[in-house]
Amino acid sequence: MRRKHVLSLLMLCTGVALLIAATTVGVASSATQKSGSAKSLRGGTLNVAQSAGAFDTLDPGLAYVTNDWEVLYSTQLLLVNFPNKAGKAGTQLFPEAATSFPTISKNGKTVTFHIRKGLKFNDGGPVTAKSYSRAWERILSPKMYAQYGTFDQLNKMVVGAQAFTDGKAAHISGISAKGLTLTFHLVKPNPTFTSILGMQWFGAVKPNMAYTKSSGGITKYPSAGPYYIASNQLGRTTVLKRNKFYHGQRLANPNQIVIQSFPNSDGEAALLQIEKNQLDFDMAGVPASDVSTVSKKYGGPNKSQFHVGNNSCIIWEAFNNAKAPTNNADVRKALNYAIGRTPIIQQLGPYAGKSSDQILIPGLAGYKKLKAYGNFPNFAKAKAVGGAALNNQPAINIYYNAASHFRTNEAEFMQSQIQHIGMKANLQPSDPNDYYGPIETKGTSYNIAHSGWCADYFDPFDFINVNFDGRSIAATGNVNYFYFNNSAFNKQMDAASNKSGAARAQAYAKLDATLMTKYAPAFPLYIPTFRYLTAKRVKNVIYNNYFGYPILNAMSVG
Amino acid sequence: MTVRVDTPTTIDVPLDVPEEPEAVKARGYWELVWIRFRRDKLALGSVGFIIFLFIAAFIGAPVAAHLLGHGPDAQFGYGVTYPGPVPVGPWKHIPALPYFAGEHPPASLVNQYGHTFLVMGGADNLGRDMFLRILYGAQVSLEVGVFATLGSVFIGVVMGLIAGYFRGWIDTVISQMINIVMVFPYLLFIIALQIVAGNKLNSITLGFLPNGVFELSLILTAFGWFYPARIMRGVTFSLREKEFIEAARMTGASDWRIMRSHLLPHLVAPIIVYSTILVATNILAEAGLSFLGLGIKPPTPSWGNLLAQAPAFYQTDVWILIFPGLAILFTTIAFNLFGDGLRDAFDPRGTI
């Protein structure tokens, strides 16, 4: 080949090589960019505050409060779980640790799950069927501080669970855990059983996870969810770190989530910090007195940083039906007339929620709007209904969280309204580090305590039977804060729970009406929303209607 | 020739001798103190303010409540505007309805509760009359300030006197007690006390005090006596070596008699001076503790818990911050100026 041709050929080869190189790099960089987009959500530390409150416990065998479950959702690996999606899609369970939804036998009494292979805890230990049978044992064991599972009557759902709950058996005979196969033998068919397993009680735990009589539970333990608890000082700081062994479909965006509890703060400081981007989110939400200002500042709800989300909860004032004078049904009905709902809700500011004077919430089977007591105080009606029962009564103790500006207002307002019908009322501030402990204890000294209920699963049983079945009242760890125990009503609840379909809905509608019009064990207040602000840097805010919180593990600060 | 000089036989020399010498009036110790004190116009002004404050709190408050027809805890739904809620500002007329019944309340309800009234100082977050709450809050703050001071001074004087007079191991023990109380983290103690026994202590009223006053006075006394004790101990040390003490001892006076009759009168001046300053300190301490939710509990008004509502409304209703804040400011300044004036008045080196 002549030189000039060699040179030309060389130039051609060089040019082709350069062209190939350029193309390859372009593809590579494009690929990096694409995968970088997905990965760009990851990273950083999500800084979260918890104002005017603290975690009761993050032990899955004892946690039964919404803020506890909000965190456990990020650390637990459930057989079936709620996805990281907003709206209705976020309330539809999907099989997470399970390979699929369970196989149910023809008679409906045998429910079998197969667990995916290769699932691990954050310490590398394997997740097996025993990880889930242990969770069941911890929610029912008499060796635990509380047997919360009994409130949902789990002890009556599974064969052998009652004997285990009574301390007569070492294990629950109706749960078979072999390798990666988990089988439940039910006492009777239960169409809600799978949805019950979506509760945060039933996350995978180590088969040797201990029982505990401490109300705070075990503070640190291996988890199989997107995060694990790296450190946990109840009432102070909880740190969650990403579990490198989790490869499920739920997100794990922040490298770590730091949650600081400020039980004595009313949320004003956290709000200022969020606005200055020193904090990402406050689990207490925006203080009621600031909602109007914040909403205007950020262009209204759900436009930028200010969000309002619905949830499946009912907020109420629990009357202690076992302590005078609220052990008298006429007094309770009088209080339902005397304490106005709308004035209290107004104090919460805009977008607070809708008033309600019944237990069930819209969307639940059996919900039928009840207008029993009205939204505004009616002192004349209250006096007429209460009659002589209002006279010569001991003072009503109103228990409230003094660290919360709004709860203090609410308590003072109720005190004032009660005085208008001739009764006395005292304010009883709580220990800000332990609000629920005293009211969960039988014989407690309060008459009225603010609390509420959010759906464990979407069935009226969860609202009525769980809260008002007096047979479940124990010495401590109660969920029935009303200490309401009426044998006739217990029978009606049993009958309703055995029904299905339209008959079930009808039965629960009747129970709801009877409960409030005849017994009035509570003062239902409103169906709340959650109003919260996120820092400017927080992206990918996904609100979950079931938990009533944005999903922490989905928030991106990377 | 001789010049005749008439030499008078008598010489009239005019003498301006007064008939009687003018008596020098002896001034008593207290008279001297008063003369020195009244020259301090600021101190006199502060005394006037303090007297006015006591009259306003203990006489004016019930009179105002009677004239207005409601007490400091009465809630009015229209004392707050919505959306918000935002308390109404000063000098507004509001209907006397006990709860918010909508933008246009039913006529029957309006007729039932009748009148409107003027909220001179604005309303708080529950529609309560701020003017009355500040007046009644003054009662609480003054009661806590005075009772805590009386308790602290009593214990401090006794301990300081005993420590300074006896010295030796008694002084060592009492000095260590003073040191312990000085460094004790009383805020943590108060938080723990509130959790354990707060409700019971809060309800002790002795029949006439508002809720929480007794408890807070007790706490401030328990942690405030070290200050006067140290002062009294120091003064007693210096007085102990004086001749009049030795003379008293030589006459056979007992230790307790010497302390009571000879030392204690000399401590009156520092007791009075530091008491007034301690009242201001205790009023500030009460305000601080109530602001933190550890002092006077709602609905009992105190300047501290009135201030505690202010952060929620500082952007919309700054009066909730200003009025109780100014009340605390002027009161503590007045007591401090009063104490300064007394200290100068008791100083024997001061000019008359």
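The largest nonpolar core in this predicted model has 164 residues. The residues with the most contacts inside this core are Leu79(A), Ala97(A), Ile115(A), Tyr132(A), Ala334(A), Ile398(A) and Ile464(A). Strand E18 of chain A, residues 522–533, gives the most to this core, with eight residues. A second, separate core has 83 residues. That second core includes Ala43(B), Ile134(B), Ile296(B) and Ala327(B).

Take Tyr132(A) as a way into the first core. Setting aside residues up to four places away in sequence, Tyr132(A) touches Leu79(A), Ala177(A), Leu182(A), Phe202(A) and Ala204(A). Helix H3 of chain A spans residues 129–140. H3(A) lies across E6 and E7 of chain A and runs at about 150° to E6(A).

Now the sheet itself. Four strands of chain A form an open sheet in the order E4-E5-E7-E6, with antiparallel pairing. The edge strands are E4 (103–104) and E6 (175–178) of chain A, and each pairs on one side only. Strands of a sheet pair through backbone hydrogen bonds, either parallel or antiparallel. Strand E5 (residues 110–114) and strand E7 (residues 181–185) of chain A are joined by five bridges. Within that pairing, Thr112(A) stands opposite Thr183(A) in E7(A).

On to E6(A) and its partner. Four bridges join E6(A) to E7(A), and the two run antiparallel. Ile175(A) stands opposite Phe184(A) in E7(A). E6(A) and E7(A) form a hairpin with two residues between them. In the turn, Gly179(A) has a positive phi of about 60°. In a regular strand the side chains alternate between the two faces of the sheet. E6(A) shows this alternation. Ile175(A) and Ala177(A) point to one face and are buried. Ser176(A) and Lys178(A) point to the other face and are not buried.

Chain B brings helices. Helix H2 of chain B covers residues 41–68 and has a kink of about 45° at Gly60(B). The kink lies shortly before the proline Pro62(B). An α-helix has 3.6 residues a turn, so residues three or four places apart point the same way. The buried residues of H2(B) are Ala43(B), Ser46(B), Val47(B), Leu53(B), Ala57(B) and Ala61(B). They pack against helices H1 (29–38), H4 (130–166) and H13 (319–346) of chain B. One of them, Ala43(B), belongs to the second core. After H2(B) comes Gly69(B), with a positive phi near 85°.

How many residues does each chain bring to the contact between A and B? Chain A brings 28 residues and chain B brings 22 residues. On the chain A side, the elements that give two or more residues are helices H7 (291–297), H9 (341–347) and H11 (405–420) and strand E16 (425–429). H11(A) gives the most to that side, with eight residues. By class, the chain A side has ten nonpolar, 15 polar and three charged residues.

Asn264(A) offers a closer look at a loop. This residue lies between strand E10 (256–262) and helix H6 (268–275) of chain A. Leaving aside neighbours within four places in sequence, Asn264(A) is in contact with Ala403(A), Pro432(A) and Gly293(B). The C-alpha atoms of Asn264(A) and Asn433(A) are separated by 8.3 Å, although their positions lie 169 residues apart along the chain. Why is Asn264(A) called partly exposed? Asn264(A) has 17 other C-beta atoms within 10 Å, and a residue is buried only at 20 or more and exposed at 12 or fewer, so this count puts Asn264(A) in between.

A few backbone details remain. Most residues other than glycine have a negative phi, and most peptide bonds are trans. Asn302(A) has a positive phi near 60°. Asn302(A) sits in the loop between H7 and strand E12 (306–310) of chain A. Arg167(B) also has a positive phi, near 55°. Arg167(B) sits in the loop between H4 and helix H5 (168–183) of chain B. Asn302(A) is partly exposed because 14 other C-beta atoms lie within 10 Å. Arg167(B) is partly exposed as well, with 14 other C-beta atoms within 10 Å.

Two peptide bonds are worth finding in the model. The bond from Ala324(A) to Pro325(A) is cis, with omega near 0°. Pro325(A) lies in the loop between strand E13 (313–319) and helix H8 (329–338) of chain A. The bond from Pro298(B) to Pro299(B) is cis, with omega near 5°. Pro299(B) lies in the loop between helix H10 (255–291) and helix H11 (303–308) of chain B.

Notes: Residues numbered from 1 in each chain as written. Chains lettered and ligands numbered in written order. Predicted model: local features only at pLDDT ≥ 70, side-chain atom pairs only at ≥ 80, totals over all residues. Contact = placed C-beta atoms within 7 Å. Nonpolar A, V, L, I, M, F, W, Y, C, P; charged D, E, K, R; others polar. Pairing = 2+ DSSP bridges. Axes fitted to C-alpha atoms, helices over the stretch in contact; angles between N-to-C directions. Bend = angle between axes of the 7 residues up to and from the residue. Core = buried A, V, L, I, M, F, W, Y, C linked by C-beta atoms within 7 Å.
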